[in-house]
Amino acid sequence: MEGDIRSLITVCLSVLASLCYAYFIVSKIPKGKLRLLSLLPIFSIFVTLPFLFSSILLSGFTALFISWLATFKLALFSFDLGPLATGPPKSLPIFIVIASLPIKIKQNQQHPYKPPKLPLNFAVKVLGSGVFIGLYDYKELIHPNIFLGVLCCQVFLFIEVVFSLCNSLVKSMAGLEVEQPSDEPYLSTSLQDFWGRRWNLMVTNLLRQIVYKPMKSAAEKVVSRQLSPLPAVVATFVVSGLVHELLFYYVIRASPSWEMTCFFVLHGLCLVVEVGLKSLFSGRWRLHWAVSAPLTMGFVVVTSFWLFFPPLVRAGVIDRVVGEIKFLFELVREKISPFNATMLKNL
């Protein structure tokens, strides 16, 4: 634990120094390949930071926030694109916040807040996450398929809670208006709806800018404008799969099984087929949402059972994550209990 605390300080200082270098020096270099080359030292630092931790949570969050997302944001920044370059000029603290946290700043107020159709606010998500963690103690009594269903819900809630905490922190500390991390993905009526408009919107936006749009422009030189989005979609999912495989490697430090990559490639290919069918039957026939929504989520869940979760379960990642979360809860409870006792005594 003490070693991870020292590593956390090292990581924070390394990220802070790297982003100060990007803000004060790299930003003065003309956009383009030269600016991208000047960022290579930062990229080389960012990809090594997760290895400093023994904690699976700290390693995983560092890999996601810094090695993946911050690297992608800086790569876009080298061409004056992405969240670090768009919008009004940014102060150093705002630049660091946007680069290092999984947030997406609202660019305009044209789209008012849309209340969720289901009452899953932050408190409900935290409560649900706690309930699912508690159920983990009884996993031996739960059917494997039911347990994987619980795991799906737990992953969704955990990601939502973490990203929402980041949003709340940024909003309260910096006063920035941020977009919601997801838009009720469980109501998706198609794969295009799930991946493009509802699930993990900040990551989706980054992948759209750094992979989809350049690949679409390149494909237009080879195929027609109407067909160019299809190879761009597949390329985007391939990159997403490889990055998820890298995140998994950071966590388990073992050779990849490539199941996660296959999961995303499969979804990319199926999305291409879906887009083709929509184009073929456009205006003539469309599934009712009461049919398309269960089919979409059923496909996502079943393929997750098949390809996404098995390597996590085999490697014991879930056991370690739950164990570390319980340890943190116990640590917080131990710190709070003396405080509560003192307060009651004073009363």
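Modeller: Helices are DSSP runs of H or I with at least four residues, numbered from the N terminus. In this predicted model, helix α9 spans residues 201–219, and Leu-206 has its place there.

Biologist: Is Leu-206 buried or exposed?

Modeller: A residue counts as buried when its relative accessible area is under 20%. Leu-206 has a value of 2%, and is therefore buried.

Biologist: Which residues does Leu-206 touch, leaving aside those up to four places away in sequence?

Modeller: The contacts of Leu-206 are Leu-69, Phe-72, Lys-73, Leu-76 and Pro-83. In addition, 7.2 Å separates the C-alpha atoms of Leu-206 and Gly-82, although their positions lie 124 residues apart along the chain.

Biologist: I should like to turn to cavities. How many cavities of 30 Å³ or more does a search of the whole structure find?

Modeller: A cavity is a set of points where a 1.4 Å probe fits but cannot get out. The search finds 1 of that size, and the largest cavity holds about 50 Å³ of space.

Biologist: Which residues line the largest cavity?

Modeller: The lining consists of Pro-102, Ile-103, Lys-104, Asn-167, Glu-179, Gln-180, Pro-181, Leu-201 and Met-202. By class, 5 are nonpolar, 2 polar and 2 charged.

Biologist: Where is Asn-167 placed, and is Asn-167 buried or exposed?

Modeller: Asn-167 sits in helix α7, residues 144–174. Its relative accessible area is 8%, so Asn-167 is buried. Beyond its sequence neighbours up to four places away, Asn-167 touches Pro-102, Ile-103, Val-178, Glu-179, Gln-180 and Pro-181.

Biologist: How should the length of helix α11 be read, and what span is expected at 1.5 Å a residue?

Modeller: Helix α11 comprises 22 residues, 259–280, and reaches 31 Å from first to last C-alpha, close to the expected 32 Å. Its buried residues include Phe-263, Phe-264, His-267 and Leu-271. Among the elements covering the buried residues of α11 are α8 (191–198), α10 (229–252) and α12 (289–314).

Biologist: Which residues does the UniProt annotation "transmembrane region" cover?

Modeller: An unreviewed UniProt entry assigns that annotation to residues 6–26, 38–70, 142–163, 230–252 and 289–309. In the model, residues 230–252 are 100% helix and 0% strand, with end C-alpha atoms 33 Å apart. Residues 38–70 are 70% helix and 0% strand, and their end C-alpha atoms are 15 Å apart.

Biologist: What residues does the annotation "domain: Wax synthase" cover?

Modeller: The unreviewed UniProt entry places that annotation on residues 183–264. Over this stretch the chain is 70% helix and 0% strand, and 20 Å separates the end C-alpha atoms.

Conventions: Residues numbered from 1 in each chain as written. Predicted model: local features only at pLDDT ≥ 70, side-chain atom pairs only at ≥ 80, totals over all residues. Heavy atoms only, no water. Helix = DSSP H or I, 4+ residues; strand = E, 2+ residues; numbered from the N terminus. Buried < 20%, exposed > 50% of the residue type's maximum accessible area, 1.4 Å probe, protein only. Contact = heavy atoms within 4.5 Å. UniProt positions renumbered as here; feature names shortened; annotations may be inferred. 1 Å grid on protein atoms, 1.4 Å probe; cavity = no way out; pocket = protein on both sides within 12 Å on 5 of 7 lines; lining within 4 Å. Points joined across faces, edges and corners; volume = space filled by probe spheres on them. Nonpolar A, V, L, I, M, F, W, Y, C, P; charged D, E, K, R; others polar. Expected span 1.5 Å × (residues − 1).
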